[in-house]
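Here are my notes for you on cysteines and charged pairs. Have the structure open and click along as you read.

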Amino acid sequence: MEDQSSNNEKFRDSIGTINEEGKRQWVYPKKPSGKFYEYRKWVSYALLIFLFSAPFIKIDGNQFLLFNVLERKFNIFGFPFWPQDFYLFVISMIIGVVFIAFFTVAFGRIFCGWICPQTIFLEMVFRRIEYAIEGDRNKQMKLDKMPWNKEKIIKKSSKWLIFAIISFLVANIFLAYLISSDELIKYITEGPMQHLGTFIPLIIFTGVFYFIFAWFREQVCIIACPYGRLQGVLLDNKSVVVAYDHKRGESENGRKKFKKNEDRQALGYGDCIDCNQCVTVCPTGIDIRNGTQLECVNCTACIDSCDLVMERVNLPKGLIRYASEDNIEKKKPFEFSPRMKAYSGVLVILIGILIGMLFLRTSVEAKILRLPGELYETKENGMVSNVFTYKIINKTTKEMDSIHFELLSHKGEIKLVKENNFTIPEQGLSEGTLFIEINPALLSGDKNDLEIGIYSNKELIDKTKTNFMGPRTFN
């Protein structure tokens, strides 16, 4: 047991993909199979279909998902959001962070194994292509050690070419999320030479995707991704993670290989037969028997592998399973801890605030501001006039015509510098200058609050308030 303990401590001093010399140790995971892997495949395929189709789905003319940072246009589930709606985006981001924290407290790094695009692309796309071309773990290791002959050149070049094509396709899909699918199709039909400013970054992103999935791989999860570091802060003994049942698998006599017709329990050995299958199948190269580790992405490959071995040797499944430390140590079932309740409460409050703000959000937003530095003017007819600038944003996909203004709080007249009725294009804005004239008898001092209605034809589409300056009165 002393040797095993020292090995565990030595293991924890470095990550599993670095050898004793400090160099990259390439991971050759065995192709997984089993119940959880099949479930993950279906989840991954559904998410991939969604990822590739979402930019081309439109609701009321709006792209289903759009994140146009440069033009500050965002569509979330078909709803357009403008820079004026940034507060909604901030609240959504806070909800996302709280949800991730809550989910991690409850179920560990399950997001990484089942939903994360990095894991889905690597395990369900690129590695499956690698398995199809180069074979499983042993064949890949043999191929890499082989000199550069005809077989190796054909297999490696075929794999790299397919990886490059997929990376280019993925880069185009991500571009559709950033500039819209319509713009992407336009750029493709007009040719890359007409849009070099976009094509060159596209090639750079293609190179980044290729580098990640062809070489960097699991290092993204281990080194680059900050989410793994959150585990140490968020996980506790009640968190459900992919865990090895050391109470059942280990014993005072250590681990022992399986032998037929041997009473392991009578000899004082645990159920772990030290087959090492959980290690060879791990995509990050760790030994789950050493406990919860930063590198573990909860992909369940070790669960499937261990269950298959347990089935073959007629031992109960679940030696590696989804479980909490309390479940393994004390046989406690999953419970909603006070910390989870606290996160849930915050989450419910934030979601309620977001829903309320979404209901209050208007499809048209108007602002009328008095021109800075300008004083009021008294006209020949005795009316007091102020000059204002206006900006009206049409967030809908329909053109709004016959736009005009009416005073709601005072009697007076609104005169536009240009035409009195104008049109606002779909998802566009209109801005200009206007004058408001009011009888001084209706004013109460030098500062007056006005309410103005904005109409399209005869329909009130928005209201806004502004400040009107008049003559100062002395009592």
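1. Let's start with Asp144, which is partly exposed, with a relative accessible area of 29%. Keep in mind that this is a predicted model. Asp144 has a salt-bridge partner, Lys156, and the closest N and O atoms of the two are 2.6 Å apart. The bridge links distant parts of the chain, with Lys156 in helix α7 and Asp144 in helix α6 (residues 137–145), 12 residues apart. What about the other end of the bridge, buried or exposed? Lys156 has a relative accessible area of 7%, so it goes down as buried.

2. Now find Lys159. Its side chain meets that of Glu130 in a salt bridge, at 2.8 Å from N to O. Lys159 sits in helix α7 (residues 150–179) and Glu130 in helix α5 (residues 117–134), so this pair ties together parts that are 29 residues apart in sequence. Both Lys159 and Glu130 are buried.

3. Try viewing those two bridges together. Which residues are linked in a network of salt bridges? Glu130, Glu134, Asp144, Lys156, Lys159 and Arg217 are. Show these side chains together and you can trace the network on screen.

4. Next, have a look at Glu250 and Arg255. Their side chains also meet in a salt bridge, 2.8 Å from N to O. Glu250 is buried, at 18% relative accessible area, whereas Arg255 counts as partly exposed at 23%. The line for calling a residue buried is under 20%, which is why Glu250 makes it and Arg255 doesn't.

5. How many salt bridges does the count come to? The count is 25, and the pairs I picked out above, including Lys159 with Glu130, are just examples.

6. On to the cysteines. How many disulfides does a search of the whole structure find? Zero. Take Cys112: the nearest cysteine sulfur belongs to Cys225 and is 5.7 Å away, and Cys112 is in no disulfide. A disulfide needs the two sulfurs within 2.5 Å, so the distance from Cys112 to Cys225 doesn't qualify. Cys112 is also buried, with a relative accessible area of 3%.

7. Cys302 is a similar story. Its closest cysteine sulfur is in Cys296, and at 6.2 Å that is too far for a bond. Is Cys302 buried or exposed? With 10% relative accessibility, Cys302 counts as buried.

Note on methods
Residues are numbered from 1 along each chain as its sequence is written. This is a predicted model: local features need pLDDT of at least 70, side-chain atom pairs count only at pLDDT 80 or more; totals for chains, interfaces and linings use all residues. Side-chain values use heavy atoms; hydrogens and water are left out. Buried means under 20% relative accessible area, exposed over 50%, partly exposed in between (1.4 Å probe, protein chains only). A salt bridge is a side-chain nitrogen of Lys or Arg within 4 Å of a carboxyl oxygen of Asp or Glu. Helices (H or I, at least four residues) and strands (E, at least two) are DSSP runs, numbered from the N terminus.
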